[in-house]
Amino acid sequence: MDHGANVNEDDDYSRRPLQLASIWGELKSLEILLHDTELIDDDDNFGNTSLHFAASYGHVKCVDLLINKGADICRTNKAGRTPMHEAAWHFSRGRLYTLL
């Protein structure tokens, strides 16, 4: 970012670096990206936000960080599922407790 990287650049699925860091569980990257973007609840082509991805992939620390930074825990994707639904769908008790 110090060299001009665009943190709001989309890929072919309309996913941005914040969402990709959530998918990969890159907590440090997520912390850095959250300083440079206001798009915490931005979604991809399927309506998934960073919180949906962190919840579905089991990245509990990323889920905690996103919630503490104001991510919408009630936001539904195009399948009608919230991040809590995603955590349950992929069954993770730790993720569910964090979202509760």
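How many of the residues of H3 are buried? H3 is mostly covered, with 7 of its 8 residues buried. Buried here means under 20% relative accessible area, exposed means over 50%, and partly exposed lies in between (1.4 Å probe, protein chains only).

This is a predicted model, in which local features need pLDDT of at least 70, side-chain atom pairs count only at pLDDT 80 or more, and totals for chains, interfaces and linings use all residues. Residues are numbered from 1 along each chain as its sequence is written, and side-chain values use heavy atoms, with hydrogens and water left out.

## Overall fold

The protein chain has 6 helices and 0 strands. Its pattern along the sequence is α-α-α-α-α-α. Helices (H or I, at least four residues) and strands (E, at least two) are DSSP runs, numbered from the N terminus. Of the 100 residues in the protein chain, 39% are buried. Contact means heavy atoms within 4.5 Å. Among contacts with a separation of 6 or more, 60% come from residues 24 or more positions apart.

## Helix H3 and its partner H4

H3 covers residues 50–57. Its buried residues are Ser50, Leu51, His52, Phe53, Ala54, Ala55 and Ser56. Just after H3, glycine 58 takes a positive phi of about 80°.

The axes of H3 and H4 come within 8 Å and cross at roughly 155°. That makes H3 roughly antiparallel to H4. Axes are lines fitted to C-alpha atoms, for helices over the stretch in contact, and angles run from 0 to 180 degrees between N-to-C directions. Angles under 35 degrees count as roughly parallel, over 145 as roughly antiparallel, 65 to 115 as roughly perpendicular and the rest as oblique.

H3 contributes Ser50, Leu51, Ala54 and Ala55 to the contact, and H4 contributes Cys62, Val63, Leu66 and Ile67. By class, the contact has 7 nonpolar, 1 polar and no charged residues. Ala, Val, Leu, Ile, Met, Phe, Trp, Tyr, Cys and Pro count as nonpolar; Asp, Glu, Lys and Arg count as charged; the others, Gly among them, count as polar.

## Three residues in detail

| Residue | Location | Relative accessibility |
|---|---|---|
| Glycine 25 | loop between H1 (17–24) and H2 (27–36) | 27%, partly exposed |
| Phenylalanine 53 | helix H3 | 6%, buried |
| Asparagine 77 | loop between H4 (60–68) and H5 (83–89) | 7%, buried |

The contact lists below leave out residues up to four places away in sequence.

Start with phenylalanine 53. Phenylalanine 53 touches Arg15, Gln19, Ser22, Ile23, Asp44 and Asn48. Phenylalanine 53 and alanine 21 are 32 residues apart in sequence, and their C-alpha atoms are 9.2 Å apart.

Next comes asparagine 77. Its side chain reaches two backbone nitrogens: that of alanine 79 at 3.0 Å and that of arginine 81 at 2.9 Å. A polar contact is a pair of N or O atoms within 3.5 Å; within protein, one must be able to donate a hydrogen and the other to accept it, and residues adjacent in sequence count only if both atoms are side-chain atoms. Asparagine 77 also touches Phe46, Gly47, Asn48, His52 and Glu86.

Glycine 25 touches His59 and Cys62. The C-alpha atoms of glycine 25 and valine 63 are separated by 9.4 Å, with these positions 38 residues apart along the chain counted as their separation.
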